[in-house]
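Biologist: I should like a close look at a single part of this model, the surroundings of the ligand. Please begin with one specific contact and then describe the setting.

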Amino acid sequence: MFIRPDRHNSYERWKPKDDVMVEECGVFGIFMDDRRYDPAEAAYLGLYALQHRGQESAGIAVADGRDVKFHKGMGLCSEVFKDNLGKILGGNISIGHVRYSTTGDSKADNAQPLVMSYRGGKLALAHNGNLINSSILREKLEDEGAIFQTTLDTEVMASLIARQSRHGILKAITAMMKVVRGSYALVIMTQEELIAVRDPLGIRPLALGKLDNSYVVASESCAFDAIDAEFVRDVRPGEILVINKDGLKSYQAQSSMKTALCVFEYVYFARPDSDIDGISVYRSRENMGIKLAQAFPIEADLVSDVPDSATPAASGYAAESGVPYAKALAKNRYVGRTFIQPSQALRERGVKLKLNAMKRNVHGKRLVLIDDSIVRGTTSRKIVEMLRLAGAREVHMMISSPPVICPCFFGIDTPSHDQLIGSKNSVEEIRRIIGADTLNYLSIEDLLKTVEGAGCNFCAGCFNGNYPVDMKEALKETEALDLATIE
Ligand code: AMP
């Protein structure tokens, strides 16, 4: 949700060389109709379940019909709310956010929810996604006199909503949706209402659940399980849900012929116990393993996973191939995701801290090792080295997705082209760099088969460079836009 505040981001300066900093996040919101949970406590539990989507900062805002209070800070939910949940108890609506920024601007000002005053009272927003035209919009808003307190594109959305608020919140959100381009799964809270919005392409997931008579929205359905809520359905691309004391109303603010849910949610990002747009994340990963076994049968003694995101794929591979599954790597559960480390040296050390070879399992064995993706190549190289030192006879690396060849501009942290090992090397070159005996990737066709039957189409831009938004066109359009004409 953050774009470098480059004030003159014409396409030439901005184009996908990528100095864009992207964050992955999780959002949650609940409108309580009874006292089964305190809304802040429900949000806390929901965010805890979404912690894998962001470990850098966390925040909760609560409304009680008259006012909005909030607490947010840097760190995990447990750290941020250790002594602070008591301050925001009460009320009947809450929204929450966990944020995962990977480079630079990791500061408290950028923690969410954003809470601001506007002519309708108080407005709180929590956003997962990434706008591609926010710098231009920000500049236009600044030319009109707007002042920004953060570098978040979420604040650009808030400002666009606020400037149309004389028409009512629903129209204001609809007007905002007409000008922003990119991905947004958004939860918004006024003093009296909870509002959920998913971008017209449905790039980031957003689901609706119910707990007795209370409605809940979250990035992933696993957050509903945390509070015993039931999954109702996914929020539709382009849909606005307004939830208040009269119940839930749905408005289809925009409809697009195509949808483009991020396929990387299934590959790596989402939790395996979530269902997204009708597809179980676990099942899709298991199918990725089955497809790998069908495409690349290999004589081996055991199949194993890089824990945890590749575990379902390894189980699928084992079932399909008949090669027994055994653990080759033990994971230290107390080390965060290795991507978070700011330098290459720390990233390499991070892999070693996080994963260790199970010597007794791998010694003298021919091993098929499955990981969900290779991004920079750091993890695979270290792991292959570790397994060889532990006595593995052969290491056959299988990746349950295609080579990541392009950066993502829509909310997943993939680095710039020059850091993506798949962008400048052939599969054979990558095999040599990581030191594996063989290396095979799932084809994009097979990957898309594992999510067949979903209620949407997919963005696989990181694997094929085909982005769902014509970025050049979107930026040109935004540059030509006169905000005064937007209603
Ligand atoms: P790398 O070492 O850069 O090749 O990273 C690949 C490893 O990071 C794999 O084990 C993935 O499970 C994991 N991974 C892939 N994408 C991401 C991401 N966006 N954020 C954090 N970890 C990731």
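Which residue has a polar backbone atom 2.7 Å from an oxygen atom of the ligand?

Modeller: That residue is Gly-377, whose polar backbone atom lies 2.7 Å from a ligand oxygen. The model is predicted, so local features require pLDDT of at least 70 and side-chain atom pairs pLDDT 80 or more, while totals for chains, interfaces and linings use all residues. Residues are numbered from 1 along each chain as its sequence is written, and side-chain values use heavy atoms, without hydrogens and water.

Two side chains also make polar contacts with the ligand (here, N or O atom pairs within 3.5 Å). Asp-371 places a polar side-chain atom 2.7 Å from an oxygen atom of the ligand, and Tyr-100 has one 3.3 Å from a ligand nitrogen. The protein buries 95% of the 500 Å² that the ligand exposes when taken alone (Shrake-Rupley method, 1.4 Å probe).

The ligand is surrounded by 17 residues (a heavy atom within 4 Å). Asp-371 is among those that come nearest, together with Asp-372, Arg-376, Gly-377 and Thr-379. By class, this shell comprises seven nonpolar, five polar and five charged residues; Asp, Glu, Lys and Arg count as charged, Ala, Val, Leu, Ile, Met, Phe, Trp, Tyr, Cys and Pro as nonpolar, and the others, Gly among them, as polar. At least two shell residues come from each of helix H8 (264–269) and helix H13 (378–389) (DSSP runs of H or I, at least four residues, numbered from the N terminus).

Conventions. Polar contact = N/O pair within 3.5 Å; in protein donor to acceptor, adjacent residues only side chain to side chain.
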